[in-house]
Amino acid sequence: MQRFFLISIAVLLLSLPQVGGAADLDADSDGLSDLLEAKFKTDIVNPDSDSDGYVDGLEINHGYDPLKGDGAKLKKRIEVNVKTQKLHYFLGEVNMGEYPVSTGKTSTPTPKGSFIIKNKALRP
Ligand SMILES: [Ca+2]
Ligand SMILES: [Ca+2]
């Protein structure tokens, strides 16, 4: 029997870093910082790396692959490290951020494995 676990991630999505913050350099003014351009392997001086009419920062902010003009989405995933008590949020293969979490205790441990998030709740 397959078991499904529902994971509620409170506030996570609202606390994700905004792409292209004021402190980051953005050589082509596409809303995607030079640092993230390097991580996503987009063209640092071309605001529309895949020439589909949408700038790289807009595509990343909406989860689209800035290197594929066919409307392909980047996979989103989170990884929770119970040893470090940290959650890592990935867009494609790029680690977009790290957040502190509190996982289960010895008597009610956090289940290990891969799970699909079925529902999200804001401040449950
Ligand atoms: Ca840029
Ligand atoms: Ca584009």
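**Entry 1: the S1–S2 hairpin.** I began with the hairpin of S1 and S2, where four residues lie between the strands and Gln85 takes a positive phi near 60°. I noted that this is a predicted model, so I kept the confidence values beside me as I read. Gln85 sits in the loop between S1 and S2, and its phi of about 60° is positive although the residue is not a glycine. I wrote the reminder that most residues other than glycine have a negative phi. I then looked up the surroundings of Gln85 and found 12 other C-beta atoms within 10 Å, and because exposed residues are those with 12 or fewer, Gln85 counts as exposed.

**Entry 2: a second positive phi.** I found another residue of this kind in Ser51, which has a positive phi of about 55° and is not a glycine either. Ser51 belongs to the loop between H1 and H2, and with 9 other C-beta atoms within 10 Å it is exposed.

**Entry 3: the sheet.** I traced three strands that form an open sheet in the order S1-S2-S3, with antiparallel pairing. S1 and strand S3 (94–100) stand at the edges with a single partner strand each, so one side of each is left without a neighbour in the sheet. Neighbouring strands of this sheet are turned against each other by 20° on average, direction ignored.

I went through the pairings one at a time. S1 and S2 are joined in the antiparallel sense by six bridges, and the bridge partner of Ile78 in S2 is Tyr89. Strand S2 (residues 86–91) is also joined to S3 by six bridges, and these two strands run antiparallel. On that side, I found Phe90 standing opposite Asn95 in S3.

**Entry 4: the core.** Which residues make up the largest nonpolar core? I listed seven: Leu32, Leu36, Phe40, Ile60, Tyr64, Leu74 and Leu91. I followed Tyr64 further and, not counting residues up to four places away in sequence, found that it touches Glu59, Gly71, Ala72, Lys73 and Leu74. Leu74 therefore appears both in the core list and among the contacts of Tyr64.

**Entry 5: Asp28.** I placed Asp28 in the segment before helix H1 (34–40). Is Asp28 buried, exposed or partly exposed? I recorded 19 C-beta neighbours inside 10 Å, and because a buried residue needs 20 or more, Asp28 counts as partly exposed. Leaving aside neighbours within four places in sequence, Asp28 is in contact with Ile44, Val45, Asn46 and Pro47. I also noted that Asp28 and Asp48 are 20 residues apart along the chain, while their C-alpha atoms are separated by 9.2 Å.

**Entry 6: Ser114.** I found Ser114 in the segment after S3, where it has 6 C-beta neighbours inside 10 Å and counts as exposed. Ser114 and Glu79 are 35 residues apart in sequence, and I noted a C-alpha to C-alpha distance of 9.0 Å between them.

**Entry 7: confidence.** I closed by looking up how far the model can be read. The protein averages a pLDDT of 85, and 81% of the residues score at least 70. In the listing by element, confidence is lowest in strand S1 (residues 76–81), at a mean of 94, and highest in helix H2 (residues 56–61), at 97. Residues 1–16 stay under a pLDDT of 50, and for them the model has 24 contacts beyond four places in sequence. I added the caution that predicted coordinates should not be read in detail where pLDDT is low.

Technical notes:
Residues are numbered from 1 along each chain as its sequence is written. Chains are lettered from A and ligands numbered from 1 in the order in which they are written. This is a predicted model: local features need pLDDT of at least 70, side-chain atom pairs count only at pLDDT 80 or more; totals for chains, interfaces and linings use all residues. pLDDT is the predictor's confidence in each residue, from 0 to 100. Two residues are in contact if their C-beta atoms, placed from the backbone, lie within 7 Å. Two strands pair if DSSP finds at least two bridges between them. Axes are lines fitted to C-alpha atoms, for helices over the stretch in contact, and angles run from 0 to 180 degrees between N-to-C directions.
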